[in-house]
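Q: Let us read this model together. Where do we start?

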Protein chains: 2
Amino acid sequence: MENGETKTLPKSWAMVGGDGPRSYAQNSSYQREVLVIVNELMNEGIKETLDFKIPCSDSSSTCTFRIADFGCSGGPNTFLAMEKIMEAVEQKYHAQLQNSPPLEFQVFFNDVMANDFNTLFKTLPSYQKYFAAGVPGTFYGRLFPKSTLHLAYSSYSLHWLSKVPQEVVDTKSPAWNKGSIQCSGTAKEVAKAYSAQFKTDMDNFLNARAQEIIGGGLMVIIIAGLPDGILMSQTVVGIFNDFFGSCLLDMAKSGVISEEKVDTFNLPVYLSSAKELEEIIKNNGHFCIERLNRLDHPMMKMKVEFHISLFRALYQGLLGAHFGRDDVDKIFEYLAKKLAENYDSVFNAGKHQHVEHFVLLKRIIN
Amino acid sequence: MENGETKTLPKSWAMVGGDGPRSYAQNSSYQREVLVIVNELMNEGIKETLDFKIPCSDSSSTCTFRIADFGCSGGPNTFLAMEKIMEAVEQKYHAQLQNSPPLEFQVFFNDVMANDFNTLFKTLPSYQKYFAAGVPGTFYGRLFPKSTLHLAYSSYSLHWLSKVPQEVVDTKSPAWNKGSIQCSGTAKEVAKAYSAQFKTDMDNFLNARAQEIIGGGLMVIIIAGLPDGILMSQTVVGIFNDFFGSCLLDMAKSGVISEEKVDTFNLPVYLSSAKELEEIIKNNGHFCIERLNRLDHPMMKMKVEFHISLFRALYQGLLGAHFGRDDVDKIFEYLAKKLAENYDSVFNAGKHQHVEHFVLLKRIIN
C-alpha cells in the first residue's frame with residue numbers, strides 16, 4: 001500500500017462542511033490566524049525574492065506565470081492561497097517591469113489520484129482570474145515538463161510520507177515499532193527508520209520540483225513539524241496519537257479487531273525539526289533557503305466530538321484500507337468513548353505543541 | 001440552460017462498458033475503422049505541416065510540446081488519439097532536428113465541468129509518456145494562457161452547440177421549430193437560426209484557440225457533418241431524430257409528458273456541410289486550412305436495443321435536465337417500443353448517411 005495513493009487528503013480535515021458546531025466554519029479561527037501569518041510571509045517573501053527577468057524571458061507579447069499547488073486537496077484553502085500568491089506576484093511584476101505586457105496565470109491543482117477533482121473543479125471560484133488545471137499523481141515523482149513552473153506551493157502535505165517505513169511494521173526488524181502506531185521519538189531505531197523515509201521522500205520531492213521549476217523560480221512549503229529538541233511523544237498531537245494506539249491495542253486484546261492488523265499499523269506521518277529540514281534541503285542542493293520560519297499555534301481546547309471528526313477526516317481512508325470499512329466505525333466509536341473518559345489526561349499531558357515550518361526556497365540557476 | 005454545461009459527453013456513447021452484446025467492445029468495428037482512417041490522416045498531416053523551429057524556440061535544454069483535447073469526455077478514445085498524435089510529432093521532431101534535446105509532452109484533457117474527471121484520471125494509461133492535466137470548462141471560451149499550446153485536437157464535439165438557438169423554441173418567433181426537435185433542414189428560418197448559432201460557436205472556438213495556439217501550431221478537428229446538398233431530414237440519423245420527436249409528440253398528446261416541454265425541446269446539435277465549415281474558418285481568418293477531408297462511414301445495421309443505448313448515453317443528461325429524470329425512463333421505454341414496431345420504416349427510409357469532416361488547421365503567424 002502506497003500512502004501516496006491512499007492518503008485521505010491531509011488538508012480536508014479542516015473542511016467539515018456546513019456551519020454546525022463541528023463545522024470548519026465554526027472551528028477555524030486557528031486556521032484563519034495561521035493563514036494570516038502565512039500570507040504575510042508569502043507576500044513579503046515573493047516580493048523580495050522573485051525576479052521577473054527570469055520568469056518572463058520566454059515570451060514576447062504576454063507573460064505566462066505558472067503556479068502549482070502540490071497536495072491541494074479540496075477548496076477553498078487552495079483557492080485562497082493561490083489568490084494571495086497571484087496578488088503578490090502581480091504587485092512585484094508591475095513594480096519591477098513598467099509598461100510590461102499583461103500577465104496571465106495558469107494554476108495547476110495537484111493531488112493524488114484518489115482526490116476528488118470533480119468537486120474541486122465545481123467549487124472553483126466563478127470569477128477566477130487564472131486558467132485552472134488539475135494534475136493527478138503523487139508529488140514524490142515528476143508531474144510537469146522540465147522548467148515550466150515559476151512558483152510551487154505545498155501546504156500541510158509533506159509531513160505525509162509516501163509510505164510507512166517497512167522496518168517499523170516488520171516484527172523481525174530491530175526497528176519494529178511494537179505497541180506504538182507512530183514515530184513517538186523514544187525508540188531510536190524507529191525514529192531512524194521514519195527519519196530516513198522522510199529524507200528519501202523530501203529528496204524525491206525536491207529533485208522532481210528542481211526539474212520542473214525554472215532557475216530562479218520559487219517554492220513555498222508549509223509543513224507540520226516539531227520544535228527543536230522536542231519529541232513527538234511530548235506534544236499534544238503525539239500524546240493523542242499514542243492514546244489512539246492504546247485504544248487499538250485494547251480492542252485487539254478484547255478480540256474486536258485483529259491483533260496482527262494493529263501490530264502492522266503505523267501512521268505514515270513524520271514531524272521534522274527545522275534543523276532536520278534545513279539539512280535535507282541543503283544536502284539536496286537544488287534550492288537555496290530564502291526563509292525558514294517557525295509558525296507557532298496555540299491549540300484551542302475543543303470538544304471530544306470535534307477532535308474525533310478532525311481525526312476521522314484525516315485518517316478514515318487510511319484506517320479503512322488497513323482494517324476494513326466495518327472496523328473503522330467500531331474504532332471511532334471506541335475512541336470517542338475512551339477519549340470522553342480520559343479527556344483531561346490526554347489533553348493536559350502535552351506541555352508542547354507541534355509547529356509549522358514555513359519555508360521559502362529559490363531554485364538555484366544552473 | 002447552457003448546453004455547454006449539461007451535455008452528456010458526446011463521445012461516451014461509444015463506451016457502453018463490459019463485453020456484453022451491447023458493449024462498445026462488441027460494437028465498435030465501425031469506430032475502429034474510422035479511427036484507422038483518422039489516425040492515418042493525422043499522422044500524414046502532422047508530419048507534413050508541423051514545423052519544429054517554431055514549437056521549440058522558447059526552450060534550450062528540453063523541448064516541451066503541449067497538446068490539448070477539447071471535449072475529451074472519458075477514455076480510452078482520447079488516450080489513443082493523444083498517443084497517435086505524440087507518435088507523429090515525435091517522428092517529425094527527430095526527422096527535422098538531429099541531435100535535438102529530448103521532447104517532453106504535456107497533455108491537457110478538456111471537457112465541461114460536468115465531465116467525470118475523477119474517472120478520466122483513474123483510467124489514464126499507467127505508463128503514459130506524458131504529463132497529464134485536466135482542464136474543466138466550456139471550449140467556447142478561453143481555457144489556456146496565450147500562445148502556450150502547440151497542437152489542439154477536438155473530436156466529435158463541435159457539432160454540439162453551446163445552446164439551442166432561442167428563436168427555435170420561441171412560439172412567437174418566425175423561426176419556431178413547431179413539431180420538430182432538430183434542425184431537419186426543411187424549415188428555412190429554423191435552419192438559419194441553427195446555422196447562425198453554429199457560426200457563432202465555431203467563431204468563439206476558433207478565436208479562443210487562436211489566442212492559445214502558438215503561430216505555426218496545428219489543430220485537428222473531427223466533426224459530424226452532412227454531405228454537400230443533403231438535408232438532415234434525408235439522413236439516417238436525421239430520420240431517427242424526427243422519429244424520436246414524433247414519439248415525444250405522441251406522449252404529449254396522450255398526456256404522459258408535458259406538451260409545453262415538448263414544444264420547447266430541441267437538440268443543441270448542428271451538422272454542417274464542408275462548404276459551410278470552410279467558409280466559417282476562412283472568414284475567421286486565424287487559421288489556414290491544411291486539410292479538409294470527408295470521412296464516409298457506412299453504418300451497420302444494429303439491434304433496436306443498441307440504438308437505444310447509444311442514443312440514451314448521448315442524450316439522457318440533456319433530456320433529464322429538460323423533462324425531469326422520471327420522464328426520461330418513460331420516454332426511452334416508449335421509444336424502444338415504437339422503434340421495434342417501426343424498425344424498417346425508420347432505418348430503411350434514409351438514403352443518405354451523415355459524414356465526418358476531418359480538418360487540419362495551422363495557426364497563421366501574425
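Q: By what turn and what shift can chain B be laid on chain A?
A: This is a predicted model, so read each value as computed from it. A turn of 180 degrees lays chain B on chain A, with a shift of 0.0 Å along the axis. The RMSD is 0.0 Å. That relation is the one a two-fold axis gives. Both copies use the same surface: of the contact residues of chain B, 100% recur in chain A.

Q: Now the charged pairs. Why can side chains pair?
A: Opposite charges can pair when the charged atoms come close. The cut-off here is 4 Å, from a side-chain nitrogen of Lys or Arg to a carboxyl oxygen of Asp or Glu.

Q: How many salt bridges are there over all chains?
A: The count is 22.

Q: Which side chain meets A:Glu212 in a salt bridge?
A: A:Arg142 does, at 3.6 Å from N to O. This pair joins distant parts of chain A, 70 residues apart. A:Glu212 lies in helix 5 (residues 188-212). A:Arg142 sits in the loop between strand 3 (130-136) and strand 4 (149-155).

Q: Is A:Glu212 buried or exposed?
A: Buried means under 20% relative accessible area. A:Glu212 has 0%, so A:Glu212 counts as buried. Its partner A:Arg142 has 28% and is partly exposed.

Q: What about B:Glu212, with which residue does its side chain form a salt bridge?
A: With B:Arg142, again at 3.6 Å, N to O. B:Glu212 belongs to helix 5 (residues 188-212) of chain B, and B:Arg142 to the loop between strand 3 (130-136) and strand 4 (149-155). They are 70 residues apart. B:Glu212 is buried at 0%. B:Arg142 is partly exposed at 28%.

Q: Which residues are linked with B:Arg142 and B:Glu212 in a network of salt bridges?
A: A:Glu104 and B:Arg209. Look at the chain letters: the network has A:Glu104 from chain A, along with B:Arg142, B:Arg209 and B:Glu212 from chain B.

Q: One more pair. Which residue forms a salt bridge with B:Arg291?
A: B:Glu48. The closest N and O atoms are 2.5 Å apart. This pair also links distant parts of its chain, with the two positions 243 residues apart. B:Arg291 is in strand 7 (residues 287-295) of chain B, and B:Glu48 is in helix 2 (residues 29-49).

Q: Which of these two is buried and which exposed?
A: B:Arg291 has a relative accessible area of 17%, so B:Arg291 is buried. B:Glu48 stands at 55% and counts as exposed.

How values were computed:
Residues numbered from 1 in each chain as written. Chains lettered and ligands numbered in written order. Predicted model: local features only at pLDDT ≥ 70, side-chain atom pairs only at ≥ 80, totals over all residues. Heavy atoms only, no water. Least-squares fit on C-alpha atoms with pLDDT ≥ 70 in both. Contact = heavy atoms within 4.5 Å. Helix = DSSP H or I, 4+ residues; strand = E, 2+ residues; numbered from the N terminus. Buried < 20%, exposed > 50% of the residue type's maximum accessible area, 1.4 Å probe, protein only.
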